[in-house]
Amino acid sequence: MRFRFLVAAGTASLCASVATIAEVQAGAFGLREQSTQAQGLAFAGAASGSGGVSSMFWNPATITMNPGFVAEQNFTYIGLSSEIRPAPGTNPGFARLGGSGELGQGALVPAGATSYQMNDRLWLGLSTGAPFGLVTKPNQVWAGEVYGRSSRIFSLAINPVIGFKVNEWLSIAAGPNIEYFRLTLRQALPVPGLLPTAYPSSFLKGESWGVGFTAGATLTPRDGTVLGIGYRSSVHHDIDGSIGVPLLALAPLAGQVRARLNTPDKLSVGLTQAVSPVARVNLGFEWDNWSRLGTIGIVSKTLGLPVNTLPLNYKDGFTYAIGAEYDASPNLTLRTGFAYETSPIDFRNRSVRLPDGDRYIASVGASYRWSRQLTLNLAYSHFFLDRSRILAGLGRDYNVGNIAFAGVVDSSADIVSVGFRYVFGAQPAPAPAPLVRKW
């Protein structure tokens, strides 16, 4: 019966995830918003359990830190503000069309995790969420329209795991990661004889299912110290899709297409250290292997020949975080954190679809224990992004008809997350203190 509850709780989270289009907030089109609790720490210590049951996303072995039957659900609103203004160097015929307007789109990102302790050694768990996502939509007519009119990436990951407590200081866990990936990209198609304001749109869209895995371990060398390391493998996607063009002369380039995409693998390391009975310091490090994406070829199923490319050519991404939490009372815990992320996107590979850059993240959060079974979580983060530049056209990776576009990007983001943790049944009694005999 309890195992069926585990599946039901995971399914509820899955349904919420399917209903939502996510927006990028973790470098390139990655999403880190999987835990309200960890967000309050700027995700410091997420791999060592600072995110509660939801830490499974970074390190599945953290499941063994949660006794009994526990479920968490998180809802995060991402409010991204981004605008691209044309700069000197833009083709004069397009510069007069003006900037992108508000490029960012608000999005609600749900994520959930559930764990069930089978016995004193074995745990089962299930997490669901969106590891990747992107929504950008500039003005329909603007100076960079031939490089992007709208971009959408949606993903869904279903990750059942098995955790095993080897002994009092070592736990391990692993599980398959079943992932759905879908993208839709639109841009203006330059047509001779038409003004740029009248250019029609072409599109590329496709979807795929793929399977990878997650694995991890936690070490507790002494009371109050937890070291965690987790790994999410790359997922290979054979994307089936189509290209649409509005002109009969370009019909051979349209129709059914295929592409191969390998998502980046992720390595997460976390350290949680108690500095007093009511205070803890958390450290975090993440490596995302974005460089494996390279340039993605788009191949016509009919012709068997390449008809287009997506020249991503990202670098690897790195994130460094520090956070602290304080138990202000038996029912209230306060958190704060700061993170710095080096983006996989720079001037060399930045596009109007994803004008990302290095970022600084400041976070605060709190948990309130409403009852013995229910805990409420809240977090807020602000993202500071450096002003950045874009250059597309002749001699660049992104080049459409040698139409030059130069732009300046200003971006920031505000993120609010709410969540809850529910412990089913009576909480297990704490382990008795060891008996010390005096001789």
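## A serine and its surroundings, strands and cores

Leaving out residues up to four places away in sequence, S363 touches Q39, G40, A42, T336, G337, Y380 and S381. Keep in mind as you look around that this is a predicted model.

Let's stay with this serine for a moment. S363 belongs to strand β17, which covers residues 359-369. Is S363 buried or exposed? Its relative accessibility is 3%, and because buried means under 20%, S363 counts as buried. One of the residues it touches, Q39, also takes part in a polar contact: the side chain of S363 reaches the backbone oxygen of Q39 at 3.1 Å.

Now let's turn to strand β5, residues 150-165. Which strands pair with β5, and how many bridges join them? The table lists three partners, with one pair of facing residues for each.

| Partner of β5 | Residues of partner | Bridges | Direction | Facing pair (β5 residue second, except in the β6 row) |
|---|---|---|---|---|
| β3 | 122-129 | eight | antiparallel | L124 and I162 |
| β4 | 133-136 | four | antiparallel | V135 and R152 |
| β6 | 170-188 | 13 | antiparallel | L156 (β5) and Y180 (β6) |

β5 and β6 also form a hairpin, with four residues between them. As you trace these strands, a general pattern may help: in a regular strand, side chains alternate between the two faces of the sheet.

Strand β6 leads us on to the nonpolar cores. In soluble globular proteins, nonpolar side chains tend to be buried together. Here the largest nonpolar core has 42 residues, and F29, Y147, I298 and Y314 have the most contacts inside it. Two or more residues of this core come from each of these elements: β6, β9 (236-244), β10 (255-262), β13 (295-300), β14 (306-311), β19 (388-392) and β20 (405-424). Which of them gives the most? That is β6, with four residues.

Y314 is a good place to zoom in. What does Y314 contact beyond its neighbours within four places in sequence? The list is A28, F29, W290, S291, L293, P344, I345, N349 and L354. One of these, F29, is itself among the residues with the most contacts inside the core.

Apart from this core lies another, of 15 residues, including A42, A44, A321 and I415. A42 brings us back to where we began, for A42 is one of the residues that S363 touches.

Key:
Residues numbered from 1 in each chain as written. Predicted model: local features only at pLDDT ≥ 70, side-chain atom pairs only at ≥ 80, totals over all residues. Heavy atoms only, no water. Buried < 20%, exposed > 50% of the residue type's maximum accessible area, 1.4 Å probe, protein only. Polar contact = N/O pair within 3.5 Å; in protein donor to acceptor, adjacent residues only side chain to side chain. Contact = heavy atoms within 4.5 Å. Pairing = 2+ DSSP bridges. Core = buried A, V, L, I, M, F, W, Y, C linked by side-chain atoms within 4.5 Å.
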